[in-house]
Amino acid sequence: MNKWVNENGDLISHESIGKSFEDRDIDAYILTNTKSNVVKPKILLTSMMHAREPAGLTVVMYFMQKLVEDYKKNDARAKYILDNREVWVIPFVNPDGYVDNEQNGKMRRKNMRDTCPRDKSLGGVDLNRNFAYKYKHTTDKCDEEYAGEGPFSEPETKALKDLVEKHVFLSALHFHSYGMWFFFF
């Protein structure tokens with residue numbers, strides 16, 4: 001990604017929006033024509049909130065690459081988007097879970113917080129349930145949908161909250177997948 005950002009610095013930039021539970025950067029990539037001085041509406045795309053859902057990551061990464069490539073080919077839609085919008089992409093909301101799955105061949109859904117005393121592999125917080133909207137406290141810390149000690153108790157969701165409070169996003173799409181299904185909210 002760093003090489004791609006360096007090669008396309010006039011269309012894409014990078015910043016860390018925070019740190020994960022295991023202290024990994026949560027990276028945001030901002031796609032826009034940086035030579036334009038227009039104040040642009042912002043949209044937010046995220047994936048890998050659940051670490052075992054790589055289909056969402058694939059879609060987001062493909063979209064980023066296609067948008068930049070099409071812009072360079074003077075495609076009218078891509079030019080309109082990058083000349084008139086800021087597209088913020090967070091490919092890995094849960095980088096720790098992704099790394100754990102990659103290194104250990106697991107299907108971890110939650111972050112890496114150690115919450116389950118009876119079975120460490122069942123531990124973690126379901127980041128998708130750790131927001132304030134319709135937060136539902138659960139007592140079973142081994143449950144697949146354990147929501148954490150409270151809204152925004154996890155550094156990953158806190159980083160998203162801080163980003164959204166700092167910027168005004170017109171829309172946000174969160175990419176999820178399950179089995180043969182693909183979802184975005």
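In the predicted model, P155 is partly exposed, with a relative accessible area of 26%. This proline belongs to helix α5, which covers residues 155-166. Setting aside residues up to four places away in sequence, P155 touches K19, S20, F21, I26 and R113. One of these partners, S20, is separated from P155 by 135 residues in sequence, yet the two C-alpha atoms are 5.6 Å apart in space. Helix α5 also contains E165. With a relative accessibility of 56%, E165 counts as exposed, because the threshold for that class is over 50%. E165 and E149 are 16 residues apart in sequence, and their C-alpha atoms lie 22 Å from each other.

The protein as a whole comprises five helices and six strands. Along the sequence these elements follow the pattern α-β-β-β-α-α-β-α-α-β-β. The radius of gyration is 17 Å, close to the 16 Å given by the globule rule for 185 residues, so the protein is as compact as a globular protein of that length. Taken along the principal axes, the box filled by the C-alpha atoms is roughly 55 × 35 × 30 Å. Of the 185 residues, 43% are buried. Among contacts with a separation of 6 or more, 60% are made by residues 24 or more positions apart. The exposed area of the protein is about 10300 Å², of which carbon and sulfur atoms supply 54%. The protein carries 27 positive and 28 negative charges, and the mean positions of the two sets are 3 Å apart.

Aromatic side chains were examined next. A pair of aromatic rings is described by the distance of the centres and the angle of the planes. The structure holds three aromatic pairs. One of them, formed by W88 and F169, is edge-to-face, with 5.9 Å from centre to centre and 85° between the planes. The pair connects distant parts of the chain: W88 is in strand β4 (residues 86-90) and F169 is in strand β5 (residues 169-178), 81 residues apart. The angle of 85° places the pair in the edge-to-face class, because that class requires planes over 60 degrees apart. Both partners are removed from the exposed class: W88 counts as buried at 3% relative accessibility, and F169 likewise counts as buried at 16%. The value for F169 is 16%, and the residue is therefore assigned to the buried class, which is defined as under 20% relative accessible area.

Backbone geometry was considered for two loop residues. Most residues other than glycine have a negative phi. M48, which is not a glycine, has a positive phi near 60°. This methionine lies in the loop between β3 (42-46) and α2 (54-72). At 1% relative accessibility, M48 counts as buried. A positive phi is also found for N74, at about 65°, although N74 is not a glycine. The loop that holds N74 runs between α2 and α3 (76-84). N74 is exposed, with a relative accessible area of 54%. The two residues thus fall on opposite sides of the accessibility classes, M48 being buried and N74 exposed.

Helix α3 provides two further positions for comparison. K79 is placed in this helix and counts as partly exposed at 25% relative accessibility. Apart from neighbours within four places in sequence, K79 is in contact with Y71 and N74; N74 is the loop residue with the positive phi of about 65°. K79 and V68 are 11 residues apart in sequence, with 9.1 Å between their C-alpha atoms. A78 also lies in helix α3, but this alanine is buried, with a relative accessible area of 2%. Leaving aside neighbours within four places in sequence, the contacts of A78 are L67, D70 and Y71. Y71 is accordingly a contact of A78 and of K79. In contrast to these contacts, A78 and K106 are 37 Å apart from C-alpha to C-alpha, at a sequence separation of 28 residues.

Key
Residues numbered from 1 in each chain as written. Predicted model: local features only at pLDDT ≥ 70, side-chain atom pairs only at ≥ 80, totals over all residues. Heavy atoms only, no water. Helix = DSSP H or I, 4+ residues; strand = E, 2+ residues; numbered from the N terminus. Rg over C-alpha atoms; globule rule 2.2 N^0.38 Å. Buried < 20%, exposed > 50% of the residue type's maximum accessible area, 1.4 Å probe, protein only. Contact = heavy atoms within 4.5 Å. Areas by Shrake-Rupley, 256 points an atom, 1.4 Å probe, with all protein chains shown as cover. Lys, Arg positive; Asp, Glu negative; His and termini not counted. Charge placed at Lys NZ, Arg CZ, Asp CG, Glu CD. Phe/Tyr/Trp six-rings, centres within 6.5 Å; stacked < 30°, edge-to-face > 60°.
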